[in-house]
Amino acid sequence: MEETKQGVTSDSSTLCPTCGFVRVYANPFLKALHAQKFTPSASFQVNYYIENGANITYVDFSINGFREFNYIIKGLTGIKTIIASGNNMNSLLVNFFDSFNTVEKLALAACNLVPSFLSQNSRRLFQYLPALEWLALSSNQLDILAPQTFVDNLNLKGLNLAYNRFRNIPFDIQITPKLYVLDMRGNALTTIDAPTRSELETRSHTSAGFYLYLDGNTLSCACENLDFLLWLTSTHVILDNNRNYTCIDNSGKLRTTLEYKDVDKLWRECSGQYFFYLSIVCFSTLCIGYLLVFIINHKLTYIMSYVLQYFGNFRLHDCKDYKNGVYIGYADNDYAFACHQLLPYIEDKLGLRTFVRDRDLLPSSDVASGIVDAINASWRVVLVFSENFLRADEWMWFTIRCAVYSQTPANPARVVVLVHRRHVHQLPTELLSAVTDDSVIVVTRWEMDYVIQQKLKTLLGQ
């Protein structure tokens, strides 16, 4: 027999599979061997073949001083249970368990297994144990298992990985279709990833259910694990310790997961601040949007003028570009205010030439053409919206449309409106859409008082 530590053993002859083995004769009626605490120290450097070992189904040699497991034992062809916990297996062949392919229960707790050895060879170590149902690897300081570990152990039902250093469940739950008990107590788990939780949840709906033990892990109850904390409170997986585990919150304080049973409180603590800031941003964006729409709607002509000035050979017109300074539109019945108060103030105080229909439009002229020509030749158009102008003047709509159409990017604030307070809401919408609020002067009486004069001075100023 030629041996290689941690994995490779080759027979010198296939014709004599037990050559090179020390034969140990057992009572043919022996079915169970109990040898706990049998010796404080023992090291075997030879291979053993157990004669008459086919009837032995149970072997317990736990808490002995056995070490140097770099040999092979054959002959136990009917073995069902092996309890080797409490021995020193820091030297272990990867094919040590190959001859025990009938074993159903295997306990290797506190065996001083080498973490680096298991991280590379754990699949190979249990590869030829197809009947294995229960496996204990607790208290071995393990932190990782080899990929696809237990893929060959399709009958595995219970697995004890407690009191190691695993930071997550170290194998794929999907490759163990019959597993329904998993002991992960006393490890370094902080959370369970979403795919594993989903598989555990699916497994919990089987007839056997699923038992998961997590006590002794310091979980994370930080906000990034919100889904995991909610899962702990709602899962159908059977958990230990009344689902209450120690966890560390966002500030680094120790808390318990039952404190997060209130889903609404948990959501407010983890997501409330984020959604509060998001709502502020959305509200601000909405307000800015409304403000921009309002500004564009009321200042569109000004904006167009600015753009044209900035990007093109364009300038705003002033009073000198027009024949008349101000066109005054009014109803015939309002002649007294328009011609005896408004007109003198504009001409005498502001020094602007005015055009009024009753004085400057020749009787032989066409009224419509005269209004259009006069408005186009005026720098500003002042419309006096009295009750007479709104209801009785036959030229009201024509004058309004001419005034609205006369506004251009070169002269955006061309139209000024004087309206009585009682008739503000009766102003035509097409006029309101063309002028700004600043260009509407609301009066309480038809007299040229100080307030009206100052507003006109501002709007008609050169």
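**Exercise 1. Place Trp 446 in the fold and describe its surroundings.**

*Solution.* Start with the chain: Trp 446 sits in the loop that runs between strand S24 (440–443) and helix H11 (450–460). Keep in mind as you go that this is a predicted model.

Next, check the accessibility. Trp 446 has 24% relative accessibility, so it counts as partly exposed, given that buried means under 20%.

Then list its partners. Setting aside neighbours within four places in sequence, Trp 446 is in contact with Phe 337, Gln 341, Val 384, Phe 385, Ser 386, Leu 418, Val 419 and His 420.

Finally, try a distance across the model: the C-alpha atoms of Trp 446 and Pro 147 are separated by 94 Å, with their positions 299 residues apart along the chain.

**Exercise 2. Work out how helix H5 (residues 335–349) packs on H11.**

*Solution.* Begin with the axes, which come within 11 Å and cross at roughly 50°. That angle makes H5 oblique to H11, since angles under 35 degrees would count as roughly parallel and those from 65 to 115 as roughly perpendicular. As for handedness, H5 passes H11 in a right-handed crossing.

Now look at the side that each helix offers. H5 contributes Leu 342, Tyr 345 and Ile 346, while H11 contributes Gln 453, Gln 454, Leu 456, Lys 457 and Leu 460. Sorted by type, the residues of this contact are five nonpolar, two polar and one charged. The spacing is worth a thought: an α-helix has 3.6 residues a turn, so residues three or four places apart point the same way.

**Exercise 3. Repeat the analysis for H7 (residues 367–376) and H9 (residues 396–406), then find what H9 buries.**

*Solution.* The axes of H7 and H9 come within 10 Å and cross at roughly 30°. The two helices are therefore roughly parallel to each other, and the crossing is right-handed.

The H7 side of the contact consists of Ala 368, Ile 371, Val 372, Ile 375 and Asn 376; these meet Phe 398, Thr 399, Cys 402, Ala 403 and Ser 406 in H9. By type, this contact has seven nonpolar residues, three polar and no charged.

To finish, go through H9 for burial: Met 396, Thr 399, Ile 400, Cys 402, Ala 403, Val 404 and Ser 406 are buried. Besides H7, the buried residues of H9 pack against strand S20 (324–329), strand S22 (378–385), helix H8 (387–391), strand S23 (415–420) and helix H10 (429–432).

**Exercise 4. Characterise the packing of helix H2 (residues 194–204) on H3.**

*Solution.* Here the axes lie 11 Å apart at an angle of about 15°, and H2 and H3 are therefore roughly parallel to each other. H2 passes H3 in a left-handed crossing.

In the contact, Arg 197, Leu 200 and Glu 201 of H2 meet Asp 227, Phe 228 and Trp 231 of H3. Counting by type gives three nonpolar, no polar and three charged residues.

**Exercise 5. Find the disulfide, and explain why Cys 339 has no such bond.**

*Solution.* Recall that a disulfide is a covalent bond between the sulfur atoms of two cysteines. Applying a cut-off of 2.5 Å between sulfur atoms, the count comes to one disulfide. Cys 221 is joined to Cys 247, with 2.5 Å from S to S. The angle about the S-S bond is 85°, and the link is right-handed.

Where are the two ends? Cys 221 lies in the loop between strand S16 (219–220) and helix H3 (226–234), and Cys 247 in strand S18 (residues 246–248); the pair, 26 residues apart, links distant parts of the chain. Cys 221 counts as buried at 1% relative accessibility, and Cys 247 as buried at 0%.

For Cys 339, the closest cysteine sulfur is in Cys 402, 19 Å away, which is too far for a bond. Cys 339 counts as buried at 10% relative accessibility.

**Exercise 6. Examine the backbone at Glu 68 and Gln 148.**

*Solution.* The background is that most residues other than glycine have a negative phi. Glu 68, however, has a positive phi near 55°, and phi of Gln 148 is also positive, near 65°.

Now locate them. Glu 68 is in the loop between strand S8 (66–67) and strand S9 (73–74), and Gln 148 in the loop between strand S12 (134–136) and strand S13 (158–160). Glu 68 counts as partly exposed at 25% relative accessibility, and Gln 148 as partly exposed at 39%.

Key
Residues numbered from 1 in each chain as written. Predicted model: local features only at pLDDT ≥ 70, side-chain atom pairs only at ≥ 80, totals over all residues. Heavy atoms only, no water. Axes fitted to C-alpha atoms, helices over the stretch in contact; angles between N-to-C directions. Helix = DSSP H or I, 4+ residues; strand = E, 2+ residues; numbered from the N terminus. Parallel < 35°, antiparallel > 145°, perpendicular 65-115°, else oblique. Left-handed = near helix turned anticlockwise from the far one by under 90°. Contact = heavy atoms within 4.5 Å. Nonpolar A, V, L, I, M, F, W, Y, C, P; charged D, E, K, R; others polar. Buried < 20%, exposed > 50% of the residue type's maximum accessible area, 1.4 Å probe, protein only.
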